[in-house]
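Here is a friendly walk through a structure that may be new to you. Have a look at the sequence and the model, and then read on.

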Amino acid sequence: MKKRLSKASKTSENDNSGNIIELLAMLHYISSVFLVIFGFMIVVISSFFWASVSGLVKIPVGFMIIIALFILIFGVFQFFVASGLLRKELWSKTAALVLGILMLFGFPIGTFIGIVTIYFLVFNKKVRRRFR
């Protein structure tokens, strides 16, 4: 005997928007961790070069530290956006779209994460409904 499913139960079975949002959040968490590590590496490496070869090579250490701080701030912001995505907060959708657009310039991994973020948050109706 076949059971007939109501329309509501069919949509709830096929609704994978929660999994998509969790995937987006995990991508942003992973990216934020790598950005923070990369930012700290820039600070350490630029300070090492400043200490070891300051007389031989002109390295703009101040510029490198500013870049590292920008990367660190971007990574921390991305971490908070990912946590907002997991809680399905409306502000996190807008912030994730902005991050997705900015990440398009980070070829190849950032571009992939940016495209996936923009695609699911803009073009997937089920995901858009979760943030209303």
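In helix H5, the buried residues are Gly110, Thr111, Ile113, Gly114, Val116, Thr117, Phe120 and Leu121. Keep in mind that you are looking at a predicted model. H5 covers residues 109-123, which makes 15 residues. From its first C-alpha to its last it reaches 21 Å, close to the 21 Å expected at 1.5 Å a residue. An α-helix has 3.6 residues a turn, so residues three or four places apart point the same way.

Helix H3 can be read in the same manner. Among its buried residues are Ala68, Ile71, Leu72, Phe74, Gly75 and Gln78. Further along H3, Val81, Ala82, Ser83, Gly84 and Leu85 are buried too. Here are the two helices side by side.

| Helix | Residues | Number of residues | Reach, first to last C-alpha |
|---|---|---|---|
| H3 | 61-86 | 26 residues | 38 Å |
| H5 | 109-123 | 15 residues | 21 Å |

Now step back to the whole chain. It has six helices and zero strands, so to speak an α-α-α-α-α-α run from the N terminus on. Of its 132 residues, 33% count as buried. The accessible surface comes to about 9200 Å², and carbon and sulfur atoms account for 73% of that. Among contacts between residues at least 6 apart in sequence, 64% join residues at least 24 apart.

Two residues of helix H2 show such links in detail. The first to visit is His28, which has its place in H2 (residues 17-52). Is His28 buried or exposed? His28 counts as buried because its relative accessible area is 0%, and the cut-off for buried is under 20%. Its side chain makes a polar contact with the side chain of Gln78, at 2.8 Å. Leaving aside neighbours within four places in sequence, His28 is in contact with Gln78, Ala82, Leu85, Leu99, Met103, Ile113 and Thr117. Of these partners, Gln78, Ala82 and Leu85 are among the buried residues of H3, while Ile113 and Thr117 are among those of H5.

Ser17 also lies in H2, and with 0% relative accessibility it counts as buried. Which residues does Ser17 contact, leaving aside its neighbours within four places in sequence? They are Lys126, Val127 and Arg130. Ser17 and Lys125 are 108 residues apart in sequence, yet their C-alpha atoms are 8.9 Å apart in space.

Next, look for empty space. The largest pocket has a volume of about 390 Å³. Its lining is made up of 15 residues, and Ser31, Leu35, Phe74, Met103 and Gly106 lie nearest its centre. H2, H3, helix H4 (90-103) and H5 each supply at least two residues of this lining. The largest share, five residues, comes from H2.

Finally, two spots in the loops deserve a look at the backbone. Lys88 sits in the loop between H3 and H4, just after H3. Its phi is near 55°, a positive value in a residue other than glycine. Lys88 is partly exposed, with a relative accessible area of 27%. The other spot is Pro108, in the loop between H4 and H5. The peptide bond leading from Phe107 to Pro108 is cis, with omega near 0°.

Note on methods. Residues numbered from 1 in each chain as written. Predicted model: local features only at pLDDT ≥ 70, side-chain atom pairs only at ≥ 80, totals over all residues. Heavy atoms only, no water. Helix = DSSP H or I, 4+ residues; strand = E, 2+ residues; numbered from the N terminus. Expected span 1.5 Å × (residues − 1). Buried < 20%, exposed > 50% of the residue type's maximum accessible area, 1.4 Å probe, protein only. Polar contact = N/O pair within 3.5 Å; in protein donor to acceptor, adjacent residues only side chain to side chain. Contact = heavy atoms within 4.5 Å. Areas by Shrake-Rupley, 256 points an atom, 1.4 Å probe, with all protein chains shown as cover. 1 Å grid on protein atoms, 1.4 Å probe; cavity = no way out; pocket = protein on both sides within 12 Å on 5 of 7 lines; lining within 4 Å. Points joined across faces, edges and corners; volume = space filled by probe spheres on them.
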